[in-house]
Amino acid sequence: MFVFIILHYLAEDMTKECVKYIQNHLDMNRIRIVIVDNASSNGSGARLKQFYKDNEYCDVILNDENMGFARGNNVGYTYAKEKYDPDFLIIMNNDVLIDDKTFLDKIDTVYQENNFYILGPDIISKRNNKHQNPARKENVTKEQVVKEIESLEKALKNPFIYYIINKIKSTIRIRTRLKKVFGKTDNNMYLKKMYNPVLHGACYIFSRRYLELEKEAFDSRTFLYHEEEILHYNCIKKNYSMIYDPILRVNHLEDVSTDESLKINKKVKFKDNLNKSKFLNKHLLDSAKILLDVIDKGV
């Protein structure tokens, strides 16, 4: 059996579309879907539960609080393991769409060939046609993480200055990207199968080998950020094979929940943006420290 875990936050229509693509393109006799609502403030979680109440293939879990990426997905991971005992568990964002009718068979094929613990598909961003997997060939180093922590600590001490600096840098990056042809900036890593790269977090495929050994999919200490790097470090240290194989492909619409949040809060003031920047930097700093701990302590 294949179980899909879809973490939901705010973007109700997108979650429904994600589920519809699964139902329309894949063999539902081999599938179950678990939607985990991360305490959406717009009531969309409760509406989804009502919408799917008579759907035998789809369960909806309502979290009492926003647990972030790692803990939110871990709720679905634990639930799916206990209820369905799946052969494969696919954790993916609600803005990921699957339109390949052979998707499940391809997972089986790759597993027969490689006995992977975690598999990553080719993830194509529909914003710019960029291939997002592998996220990188090699993981970040301890030195890079230490430097990031130092920078974030400075940012939190001087939030106004760093907010303005990052706005300027962001504008420069956007203008630079606009000068290039969309879809032509990839380094072509996505073209070939790769062993033990850092996989992009929009879609992970966990095999039974991983499920039987690990109580959680992700390090539950994080709220946002660095889940990919932490998972990679832990897998490499435990000799869990991570495979990227472009035979599998999904489409990624990107940042739908963030966009929905902005729609709900249309009147965004400078102070609100500054506070949001501080909030995100705090979680990024917390996750960077956890990543450093993982690097230092090992398994």
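These legends walk through several close-up views of one predicted model.

**View 1. The whole protein, before we zoom in.**
Start with the full predicted model, which has 299 residues, 47% of them counted as buried. Ten helices and nine strands make up its list of elements. Now think about which parts of the chain touch each other. If you take the contacts with a separation of 6 or more, 86% of them involve residues 24 or more positions apart.

**View 2. Strand 1, covered on both faces.**
Here we look at strand 1, which spans residues 2-8. Is this strand mostly covered or mostly open? Mostly covered: seven of its seven residues are buried. Check the two faces one at a time. Phe-2, Phe-4, Ile-6 and His-8 sit on one side, while Val-3, Ile-5 and Leu-7 sit on the other, and every one of these is buried.

**View 3. Strand 1 and the partners it pairs with.**
Which strands does strand 1 pair with? One is strand 2, residues 31-37, joined to strand 1 by seven bridges, and the two run parallel. Two spots to find along this pairing are Ile-5, which stands opposite Val-34, and Leu-7, whose bridge partner in strand 2 is Val-36. Another partner is strand 4, residues 88-93, which also runs parallel to strand 1 and is joined to it by six bridges. On that side, look for Phe-2, whose bridge partner is Phe-88.

**View 4. Strand 2, enclosed and paired again.**
Strand 2 is largely enclosed by the rest of the structure, because seven of its seven residues are buried. Ile-31, Ile-33, Ile-35 and Asp-37 point one way, and Arg-32, Val-34 and Val-36 point the other way. Notice that the buried set includes Asp-37 and Arg-32. Strand 2 also pairs with strand 3, residues 58-62, in the parallel sense, this time over five bridges. To locate that pairing, find Ile-35 and its bridge partner in strand 3, Val-60.

**View 5. Two β-α-β units.**
Follow the chain from strand 1 through helix 1 (residues 12-25) and on to strand 2, and you have traced a right-handed β-α-β unit. Keep going from strand 2 through helix 2 (residues 44-51) to strand 3, and you trace another right-handed β-α-β unit. Strand 2 takes part in both units.

**View 6. Two cysteines that don't bond.**
A disulfide is a covalent bond between the sulfur atoms of two cysteines. How many does this structure hold? Zero. Why is Cys-18 not bonded to Cys-203? The closest cysteine sulfur to that of Cys-18 is the one in Cys-203, and at 9.3 Å it is too far for a bond. It works the other way round too: for Cys-203, the nearest cysteine sulfur is that of Cys-18. Both residues are tucked inside: Cys-18 is buried, with a relative accessible area of 0%, and Cys-203 also counts as buried, at 0% relative accessibility.

**View 7. Aromatic rings in pairs and in a cluster.**
A pair of aromatic rings is described by the distance of the centres and the angle of the planes. The structure holds 15 such pairs. In one of them, Tyr-111 and Phe-116 have ring centres 5.3 Å apart and planes at 90 degrees, so the pair is edge-to-face. Both Tyr-111 and Phe-116 are buried. Next, compare Tyr-204 and Phe-206: with centres 5.9 Å apart and planes at 50 degrees, this pair is tilted. Tyr-204 and Phe-206 are buried as well. They also belong to one aromatic cluster, along with Phe-69, Tyr-77, Tyr-117, Tyr-210, Phe-218 and Tyr-240.

**View 8. A lysine over a ring.**
What lies over the face of Phe-51? Look for Lys-16, at 4.1 Å from the ring centre.

**View 9. Far apart in sequence, brought together in space.**
Last stop: Gln-144, which you'll find in helix 5, residues 142-157. Is Gln-144 buried or partly exposed? Its relative accessibility is 46%, so it counts as partly exposed. Now locate Leu-292, which is 148 residues from Gln-144 in sequence. In space, the two are 9.8 Å apart, C-alpha to C-alpha.

Terms used. Residues numbered from 1 in each chain as written. Predicted model: local features only at pLDDT ≥ 70, side-chain atom pairs only at ≥ 80, totals over all residues. Heavy atoms only, no water. Buried < 20%, exposed > 50% of the residue type's maximum accessible area, 1.4 Å probe, protein only. Helix = DSSP H or I, 4+ residues; strand = E, 2+ residues; numbered from the N terminus. Pairing = 2+ DSSP bridges. Right-handed = clockwise from strand over helix to strand, strands pointing away. Disulfide = S-S within 2.5 Å. Phe/Tyr/Trp six-rings, centres within 6.5 Å; stacked < 30°, edge-to-face > 60°. Lys NZ or Arg CZ within 6 Å of the ring centre and 35° of its normal. Contact = heavy atoms within 4.5 Å.
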